[in-house]
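This report describes selected features of a protein structure for a reader who is new to the subject. Please keep the sequence and the structure in view while reading.

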Amino acid sequence: MAAARPRPRETVVPAPPPLSSHPPAPPLASGTSQQSAARPGSGTMSAPGAGAAGGGRSGTAADWGGFEDNMQGGGSAVIDMENMDDTSGSSFEDMGEMHQRMKEEEEEEAEGEAGAAEEEDGEFLGMKGLRGQLGRQVADQMWQVGKRQASRAFSLYANIDILRPYFDVEPVQVRARLLESMIPVKMINFPQKIAGELYGPLMLVFTLVAILLHGMKTSDTIIREGTLMGTAIGTCFGYWLGVSAFIYFLAYLCNAQITMVQMLSLLGYGLFGHCITLFVTYNIHFHSLFYIFWLVVGGLSTLRMVAVLVSRTVGHTQRLILCGTLAALHMLFLLYLHFAYHKVVEGILDTLEGPNMPPFQRVARDIPVVSNAVLNTTTKTVALTL
Amino acid sequence: SAFVPPEMMQQQQPYTGQIYQPSPAYTPASAQSFYGSSFEDEPPLLEELGINFDHIWQKTLTVLHPLKVADGSIMNETDLAGPMVFCLAFGATLLLAGKIQFGYVYGISAIGCLGMFCLLNLMSMTGVSFGCVASVLGYCLLPMILLSTFAVVFSLQGVLGIILTAGVIGWCSFSASKIFISALAMEGQQLLVAYPCALLYGVFALISVF
């Protein structure tokens with residue numbers, strides 16, 4: 001956020017007119033503590049005028065301080081929605097700017113409050129009107145709490161801004177990277193470039209979720225504890241985030257030159273092979289076909305990831321640890337996905353599972369006979385002719 | 001010694017708001033008009049609720065003609081009445097097929113809208129509001145309603161069903177991405193926006209088919 005700090009100050013001038021009334025208001029109002037209650041309404045366009053007028057007013061009409069100072073400059077107790085700035089459709093820059101401004105206002109108000117607290121304490125017994133003092137304090141506190149919560153929410157929102165550069169891609173780039181993820185690089189003597197982009201990996205993880213869901217639905221998998229969607233999302237995201245973090249940790253131990261985003265990107269694109277394999281083998285049920293796909297497609301994508309990591313690591317032992325772990329996890333994950341998430345031949349189910357009933361209960365049901373038979377015979381004839 | 005501060009306030013200060021007037025409902029669509037409290041002057045109920053049937057019909061036509069160029073400004077007003085009706089209609093057609101899955105429809109649409117909202121905010125130069133995303137995705141659910149109506153009578157689990165489902169998913173995501181890129185001015189990224197929409201509508205299709 002420190003880097004973003006100068007930005008709002010620079011963009012104050014070209015900011016749209018409704019928001020440009022903000023910067024003058026705090027310096028005006030910070031001098032008078034009584035305006036702290038009036039500043040809540042500073043989203044209105046009448047804020048600077050009201051600030052100046054209110055300062056004059058509260059000086060002259062001190063006996064009515066209870067009413068006036070609790071209200072906004074327009075003299076209404078309720079926030080005037082007509083002029084309230086609705087930033088629900090505004091840009092990120094405006095949101096960040098508002099957040100900055102609120103932070104500044106909060107800091108200035110904190111200073112103003114510290115000064116005002118003493119004089120209020122002194123005047124309390126002097127009685128400007130019980131309603132006035134207490135009401136103002138309560139309104140102040142409520143506003144403070146509300147503003148703090150809103151700025152916390154804004155800072156959470158603004159954190160998403162950090163991820164923006166990783167989503168700035170074009171379709172051509174994504175396609176090129178998808179194809180490259182299946183081609184192992186030959187040069188491992190100098191570090192290979194990894195695209196630090198998160199759009200492609202995120203879409204690939206969601207695709208894997210969709211393929212898993214499809215596989216579970218076609219095989220009528222019943223999940224006892226949880227939902228299909230939750231299981232699929234948990235498995236895929238858990239693998240992507242968990243294994244990336246684990247390999248990043250190992251890379252840190254083995255002194256490999258790779259950042260977390262690059263690792264996420266690399267592993268995400270490595271799931272492309274998984275998507276292809278599962279998409280094909282969930283619909284055409286030959287175990288030998290699956291094993292061929294597992295070795296060839298899965299192997300290619302693993303080789304690519306391994307080659308990139310090797311190019312960024314120095315030392316034989318370190319290379320072996322890192323790449324061995326990644327290869328094992330990647331290949332085993334594909335094996336797990338195939339066997340856990342689609343129909344299993346009944347014989348295997350009986351011998352392996354036996355009396356123990358796991359939460360995943362795979363019950364073989366009636367398969368749509370016709371379409372399956374068609375697909376199987378088609379591939380058999382194709383395999384025979386080749 | 002009557003307690004008259006409101007009147008005194010009105011005399012003393014410049015009055016910039018309308019709040020002390022005993023006016024009926026505040027309507028976002030027509031902020032400048034001032035409604036008295038008599039029955040004849042009240043706005044029609046639909047206008048007060050912000051439901052504009054003509055706009056709903058325009059947006060529906062934009063979705064149904066995939067090759068029609070979308071106007072970026074039609075999505076400026078967030079209208080959630082149409083999408084709500086479409087979600088209910090989708091649930092109703094599923095009900096006709098014997099699947100009571102309103103909860104899934106609402107849950108997936110909520111999560112899907114949230115995901116698209118985050119993604120579009122990250123990918124576009126100008127941000128987008130959640131209401132706009134929900135509105136667009138809801139309107140583009142219309143072809144999926146046609147698919148689930150078809151599924152009431154015929155089963156979608158054959159080859160024809162797969163082709164039809166794929167076609168409808170493509171239609172929905174193409175319309176949604178077309179509206180998004182015209183509203184957000186993201187040229188050249190239609191495929192990148194269409195793919196997550198296709199995944200979302202694919203999940204809806206899974207509910208209809210299975």
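## A buried residue and its partner

In this predicted model, A:Glu197 has a relative accessible area of 3% and is therefore buried. Which residue forms a salt bridge with A:Glu197? The partner is A:Arg177, and the closest N and O atoms of the pair are 2.4 Å apart. A salt bridge requires a side-chain nitrogen of Lys or Arg within 4 Å of a carboxyl oxygen of Asp or Glu. A search of the whole structure, over all chains, finds one salt bridge. A:Arg177 belongs to helix H9 (171–180) of chain A, whereas A:Glu197 lies in the loop between helix H9 and helix H10 (199–218), so the pair ties together parts that are 20 residues apart in sequence.

## A nonpolar patch on chain A

On the surface, A:Phe246, A:Phe249, A:Tyr252 and A:Leu253 form a nonpolar patch. Together these residues have about 470 Å² of accessible area. One of them, A:Leu253, is found in helix H11 (residues 228–253) of chain A. A:Leu253 counts as exposed because its relative accessibility is 53%, and the cut-off for exposed is over 50%.

## The build of chain B

How many helices and strands does chain B have? The secondary structure comprises nine helices and zero strands. Chain B holds 210 residues, and buried residues make up 44% of them. Among contacts in this chain between residues at least 6 apart in sequence, 67% join residues at least 24 apart. Chain B exposes about 10,900 Å², of which carbon and sulfur atoms supply 69%.

## Helix H4 of chain B

Helix H4 of chain B covers residues 81–96. Its 16 residues, at 1.5 Å a residue, should span 22 Å; the end C-alpha atoms are 23 Å apart, which agrees with this expectation. Several residues of H4(B) are buried, among them B:Phe86, B:Cys87, B:Phe90 and B:Leu94. Against which helices do the buried residues of H4(B) pack? They pack against helix H3 (53–64), helix H5 (102–123), helix H6 (130–139), helix H7 (142–153) and helix H9 (190–209) of chain B. Just after H4(B), B:Gly98 takes a positive phi of about 90°.

## Annotated spans in chain B

An unreviewed UniProt entry lists residues 104–123, 130–153, 159–180 and 192–209 of chain B under "transmembrane region". The table describes two of these spans.

| Span in chain B | Helix | Strand | Distance between end C-alpha atoms |
|---|---|---|---|
| Residues 104–123 | 100% | 0% | 28 Å |
| Residues 130–153 | 92% | 0% | 36 Å |

## Positive phi in two loops

Most residues other than glycine have a negative phi. Against this background, two loop residues deserve attention.

Phi of A:Asn255 is near 60°, a positive value in a residue other than glycine. A:Asn255 lies in the loop between H11 and helix H12 (260–281) of chain A. Is A:Asn255 buried or exposed? With a relative accessibility of 59%, A:Asn255 counts as exposed.

In chain B, B:Ala185 has a positive phi of about 55° although it is not a glycine. B:Ala185 is found in the loop between helix H8 (159–184) and H9 of chain B. B:Ala185 counts as exposed because its relative accessibility is 53%.

Methods:
Residues are numbered from 1 along each chain as its sequence is written. Chains are lettered from A and ligands numbered from 1 in the order in which they are written. This is a predicted model: local features need pLDDT of at least 70, side-chain atom pairs count only at pLDDT 80 or more; totals for chains, interfaces and linings use all residues. Side-chain values use heavy atoms; hydrogens and water are left out. Helices (H or I, at least four residues) and strands (E, at least two) are DSSP runs, numbered from the N terminus. Buried means under 20% relative accessible area, exposed over 50%, partly exposed in between (1.4 Å probe, protein chains only). Patches are made of residues with over 30% relative accessible area and no salt bridge: like charges are joined within 9 Å, nonpolar side chains (Val, Leu, Ile, Met, Phe, Trp, Tyr) within 5 Å. Accessible areas come from the Shrake-Rupley method with a 1.4 Å probe; for residues, only the protein chains shown count as cover. Contact means heavy atoms within 4.5 Å. The expected span of a helix is 1.5 Å times one less than its number of residues. UniProt positions are given in the numbering used here, feature names are shortened, and annotations may be inferred rather than shown by experiment.
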